[in-house]
Each structure stands twice: as C-alpha cells, then as structure tokens.
Amino acid sequence: MRTKDKRKSLKLVGFLLIILGLSTLSFKMISYIFKNIEEKENITNFKDNQEQKVEDDKETITEDKADTTPKAKEQYIALLEIPKINLEKGLYDIKSKNNNVDKNIQILKESNMPDVENGNLILAGHSGNGQKAYFKDLVKLTKDDIATIVYKNRKYSYKLVDNYEIEKTGKTTFNCSLSTKTLTLITCKEDTNKQLIYIFEEIEESDYNG
C-alpha cells in the first residue's frame, strides 16, 4: 500500500510540475505577444507624430494641471529600420531610463544625433535569443546593406561600409569617417569575449513621408 501511495504522490507532484511549467510558459508567451502589440502601437504613434510639426521638447505646465493630468506615456524620439533583417525599433531619448541596453536599443552617451553635421550615432543592442536581443541578426548584414534613422521628421539613409570585431574591454574605438555622418551599431559576439562593430555612412537625407 505504501508503495502505491508513493507512486500516486510522485505522479501528482509530476502532474503539478507540468501544470506549473505550462502556466509559466503560457505567461511568458502572452507577455511577449502583448509586448509586440505595444511595440507596434508605439512605432505607429511615432510615425504619426512625424507628420506633425516638430515642437519644442520643453512644455510649460501649470501646477494645477500637473496635479490633475495623467502622466503621458513616454514616446520614441527616433526610429531605426534595417529592412534586410526586418528590424524596426523605436529609440528613446538618451536621458530616458528606458534608454538602456537591457530594455531597448541604447543610444550611447558619446553619440551625435543624425542632424549633427558629420556626427556619429552609436547604438548598442543585445544579441542571442532573448526577447531583448534586438541585434541578434546583425551577423546577416553584408557590405552596402541599408539602415535608416527617422528623426525629427527627417529620414537619414546609411549603407554598411565596414564591420569588424574587437575584444570586449569596456573601451571601444571606431573606424569612422570624420567627413560624413555615420551610424555605428554594437553588439556582443555570442559565446565569446568580443564585440561586433558595424559602421554605416550616410548616403541620403530626405523628408520623412511615412
């Protein structure tokens, strides 16, 4: 009898573990789906806002209004698109708490935004298989592939001119041209202590038409 009871107990425990595992997996899948929906809505809102007149970032709000008005959801300030790898991702302001490689593609503090003459916009993102591995497919890029940045109602198009790897030491040097605008993408090389660097140079600038 005791042996049968033990078997029943083990079966029950196994069954409960399976249910728990499936519940956890389902929760992660649902969270992922809702995250994707939210991301698409944020990108759509960003594109819609680009069609409107660019306003000053500083807004004057009275104390009474600040107390009664719900805080607006933070919006993207720019959009990165790389058609070859089906990447379309919004970027937050460099001072935002969401401008973090563990939450989003990160604009590094050493960056210049695309409207700066001969500046270098530097973006970092995770590779690998996680939900935040936005740069996982950069390895598929080859010379002359196109990336674009939409910023302040302007579209900046770049082509890939160089890519290389360096040791991950906490310091990074870039082989960038000083006579043109550049876009630099950084990610880690899986299962190594190296970083992958992708250098793009601007080829076109135009008004953004959606």
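Which residues is Ala124 in contact with, leaving aside its neighbours within four places in sequence? The first legend answers this for the predicted model.

**View 1. Surroundings of Ala124 in strand β4.** Leaving aside neighbours within four places in sequence, Ala124 is in contact with Val101, Asn104, Ile105, Gln106, Leu108, Phe135 and Ile186. Ala124 has a relative accessible area of 12% and is therefore buried, the cut-off for that class being under 20%. Between the C-alpha atoms of Ala124 and Tyr134 there are 9.4 Å, with 10 residues separating the two along the chain.

**View 2. The chain as a whole.** The model has 2 helices and 8 strands, in the order α-α-β-β-β-β-β-β-β-β along the sequence. Of its 210 residues, 33% count as buried. The accessible surface amounts to about 14,300 Å², and carbon and sulfur atoms account for 52% of that area. Taking contacts between residues at least 6 apart in sequence, 61% join residues at least 24 apart.

**View 3. The largest nonpolar core, with 26 residues.** The members with the most contacts inside this core are Leu80, Ile82, Leu123, Ile149, Leu183, Leu185 and Phe200. At least two core residues come from each of β1 (78-82), β2 (87-91), β4 (120-124), β5 (146-151), β6 (154-167), β7 (182-188) and β8 (194-207). Another core, of 9 residues, lies apart from it; Leu108, Ile122, Tyr164 and Ile166 are among its members.

**View 4. Contacts of the core residue Ile149.** Beyond four places in sequence, Ile149 is in contact with Ala78, Leu79, Leu80, Leu91, Pro114, Leu121, Leu123, Arg154, Lys155, Tyr156, Tyr158 and Leu183. Two of these partners, Leu80 and Leu123, are also listed with Ile149 among the core residues that have the most contacts.

**View 5. Ala147 in strand β5.** The relative accessible area of Ala147 is 0%, so this residue is buried. Not counting residues up to four places away in sequence, Ala147 touches Glu81, Ile82, Tyr156, Ser157, Tyr158, Leu183 and Phe200. One of these, Tyr158, is 11 residues from Ala147 along the chain, and their C-alpha atoms are separated by 5.3 Å.

**View 6. Leu141 in the loop between β4 and β5.** Leu141 is buried, with a relative accessible area of 6%. Outside the residues up to four places away in sequence, Leu141 touches Ile82, Lys84, Ile85, Leu160, Tyr198 and Phe200. Of these, Ile82 and Phe200 are named among the residues with the most contacts inside the largest nonpolar core. Leu141 and Asn163 stand 9.1 Å apart, C-alpha to C-alpha, and 22 residues apart in sequence.

**View 7. Two loop residues with positive phi, Asp144 and Asn153.** Most residues other than glycine have a negative phi. Asp144 is not a glycine, yet its phi is positive, at about 80°. The residue sits in the loop between β4 and β5. Its relative accessibility is 44%, so Asp144 counts as partly exposed. Asn153, also not a glycine, has a positive phi of about 65°. Asn153 belongs to the loop between β5 and β6 and, at 24% relative accessibility, counts as partly exposed.

**View 8. Asn120 in strand β4.** With 12% relative accessibility, Asn120 counts as buried. Apart from residues up to four places away in sequence, Asn120 touches Glu110, Ser111, Asn112, Phe174, Cys176, Thr182, Leu183 and Thr184. The C-alpha atoms of Asn120 and Thr182 are separated by 4.7 Å, although their positions lie 62 residues apart along the chain.**View 9. The largest cavity and its lining.** The structure holds 1 cavity of 30 Å³ or more, and the space in the largest cavity is about 30 Å³. The lining consists of Asn112, Met113, Pro114, Val116, Gly119, Asn120, Leu121, Tyr158, Lys181 and Thr182. By class, 5 of the lining residues are nonpolar, 4 are polar and 1 is charged. Among the lining residues, Asn112 and Thr182 are also touched by Asn120, while Pro114, Leu121 and Tyr158 are in contact with Ile149.

Notes. Residues are numbered from 1 along each chain as its sequence is written. This is a predicted model: local features need pLDDT of at least 70, side-chain atom pairs count only at pLDDT 80 or more; totals for chains, interfaces and linings use all residues. Side-chain values use heavy atoms; hydrogens and water are left out. Helices (H or I, at least four residues) and strands (E, at least two) are DSSP runs, numbered from the N terminus. Buried means under 20% relative accessible area, exposed over 50%, partly exposed in between (1.4 Å probe, protein chains only). Contact means heavy atoms within 4.5 Å. Accessible areas come from the Shrake-Rupley method with a 1.4 Å probe; for residues, only the protein chains shown count as cover. A nonpolar core is a set of buried Ala, Val, Leu, Ile, Met, Phe, Trp, Tyr and Cys residues joined through side-chain atoms within 4.5 Å. On a 1 Å grid over the protein atoms alone, a cavity is a set of points where a 1.4 Å probe fits but cannot get out, and a pocket is an open set with protein on both sides within 12 Å along at least five of seven lines; lining residues have an atom within 4 Å of a point. Grid points are joined across faces, edges and corners, and a volume is the space filled by probe spheres set on the points. Ala, Val, Leu, Ile, Met, Phe, Trp, Tyr, Cys and Pro count as nonpolar, Asp, Glu, Lys and Arg as charged, and the others, Gly among them, as polar.
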